[in-house]
Amino acid sequence: MTLFGTGVLKGLIVTLKNFATSYFRKPDNGGIFTVQYPEERAKEIESFRNFPFLVYDGTPEKIRCVACGICERECPPKCIHIVMETEAGTGKPAKRPAVFEIDYGLCMNCGMCEDVCPFDSIYMDHAFEVTASDRTQELVRPKETLLKSNDYFLKIRPGTATPVDQKRRAAEEKKKTAQAAATPPKTNP
Ligand code: SF4
Ligand code: SF4
């Protein structure tokens, strides 16, 4: 037989226990969660996401984005704006963005752009200290400020970036092998 009210008592005991121990534990180990920001900072979990950034390999010229426009089409509030670069002389599409802007004032941090990008180019960032005095101009972030290295990506989100790297290396190897197989062997004159 269960005594009337024991559930409430058990709940209160848990609350009291957590209240008392929270004073002696660290924030990331069940202690008081409040930290004295900005002097102190709470530890960010890897899956934390804020605004998107663009990944490059090595140097910013090696931007992964090919300006396909998929993320621009799929972004629910339509806050991405892309213009593809054209090759000087021929005017052909250069498969890289001349303009890539995201309006942080409209972005709702949904992560859809990351999900739909087929070129491992755009990922959600941890950076959250974004301020501006004018929300119509300063929050429209140009390509130059969105670009971040793959090393940064590996540092903040190793669980996502590492398998992406492995997949890209394997695809590169496969391409090289296929190219080598398609090249006819040299014959002596
Ligand atoms: S996170 Fe969502 S709202 Fe923000 S740019 Fe990506 S798709 Fe658009
Ligand atoms: S970030 Fe990805 S989906 Fe968006 S334009 Fe570049 S390659 Fe395409």
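**Figure 1. Three strands of this predicted model form an open sheet in the order E2-E3-E5.** The pairing is antiparallel. E2 and strand E5 (140-141) are the edge strands. Each of these two pairs on one side only. Strands of a sheet pair through backbone hydrogen bonds, either parallel or antiparallel. Two bridges join E3 to E5, again in the antiparallel sense. Asp103 finds its bridge partner in E5, and that partner is Val140.

**Figure 2. The whole chain shows six helices and six strands.** Read from the N terminus, the elements follow the pattern α-β-α-β-β-α-β-β-α-β-α-α. The protein is more spread out than a compact globule, because its radius of gyration is 25 Å, well over the 16 Å that the globule rule gives for 189 residues. Along the principal axes, the C-alpha atoms fill a box of roughly 95 × 50 × 35 Å. Buried residues make up 14% of the 189. Take the contacts between residues at least 6 apart in sequence: 65% of them join residues at least 24 apart.

**Figure 3. The largest nonpolar core holds 21 residues.** Leu54 and Ile122 have the most contacts inside this core. Three elements give two or more residues to the core: strand E1 (52-56), strand E3 (93-103) and strand E4 (122-124). In soluble globular proteins, nonpolar side chains tend to be buried together.

**Figure 4. A close-up of Leu54 shows its contacts with residues beyond four places away in sequence.** Leu54 touches Ile63 and Cys65. Phe100, Ser121 and Ile122 are also in contact with Leu54. Lys143, Leu146 and Leu147 complete the list. Ile122 shares with Leu54 the place of most contacts inside the largest nonpolar core.

**Figure 5. Ligand 1 is surrounded by 14 residues.** Those that come nearest are Cys75, Cys107, Cys110, Met112 and Cys113. The shell divides into twelve nonpolar and two polar residues. No charged residue belongs to the shell around ligand 1.

**Figure 6. Pro76 sits in the loop between helix H2 (70-74) and strand E2 (80-86).** Pro76 counts as exposed because 11 other C-beta atoms lie within 10 Å, and the cut-off for exposed is 12 or fewer. Beyond its neighbours within four places in sequence, Pro76 is in contact with Met108, Cys110 and Met112. Cys110 and Met112 are also among the residues that come nearest to ligand 1. Asp120 is 44 residues from Pro76 in sequence. In space, the two are 20 Å apart, C-alpha to C-alpha.

**Figure 7. Ligand 2 has a shell that includes Cys65, Cys68, Cys71 and Cys117.** Val66, Ala67, Gly69 and Ile70 also surround ligand 2. So do Ile82, Phe119, Ser121 and Ile122. Ten residues of this shell are nonpolar and two are polar. None is charged. Cys65, Ser121 and Ile122 appear again among the contacts of Leu54.

**Figure 8. Cys68, one of the residues around ligand 2, lies in the loop between E1 and H2.** Cys68 counts as partly exposed because it has 17 C-beta neighbours inside 10 Å. A residue is buried at 20 or more and exposed at 12 or fewer, so 17 falls in between. Cys68 and Val55 are 13 residues apart in sequence. Their C-alpha atoms are 15 Å apart in space.

Key. Residues are numbered from 1 along each chain as its sequence is written. Chains are lettered from A and ligands numbered from 1 in the order in which they are written. This is a predicted model: local features need pLDDT of at least 70, side-chain atom pairs count only at pLDDT 80 or more; totals for chains, interfaces and linings use all residues. A residue is near a molecule or strand if its C-beta atom, placed from the backbone, lies within 6 Å of it. Ala, Val, Leu, Ile, Met, Phe, Trp, Tyr, Cys and Pro count as nonpolar, Asp, Glu, Lys and Arg as charged, and the others, Gly among them, as polar. Helices (H or I, at least four residues) and strands (E, at least two) are DSSP runs, numbered from the N terminus. Two residues are in contact if their C-beta atoms, placed from the backbone, lie within 7 Å. A nonpolar core is a set of buried Ala, Val, Leu, Ile, Met, Phe, Trp, Tyr and Cys residues joined through C-beta atoms within 7 Å. The radius of gyration is taken over C-alpha atoms; the globule rule is 2.2 Å times the number of residues to the power 0.38. Two strands pair if DSSP finds at least two bridges between them.
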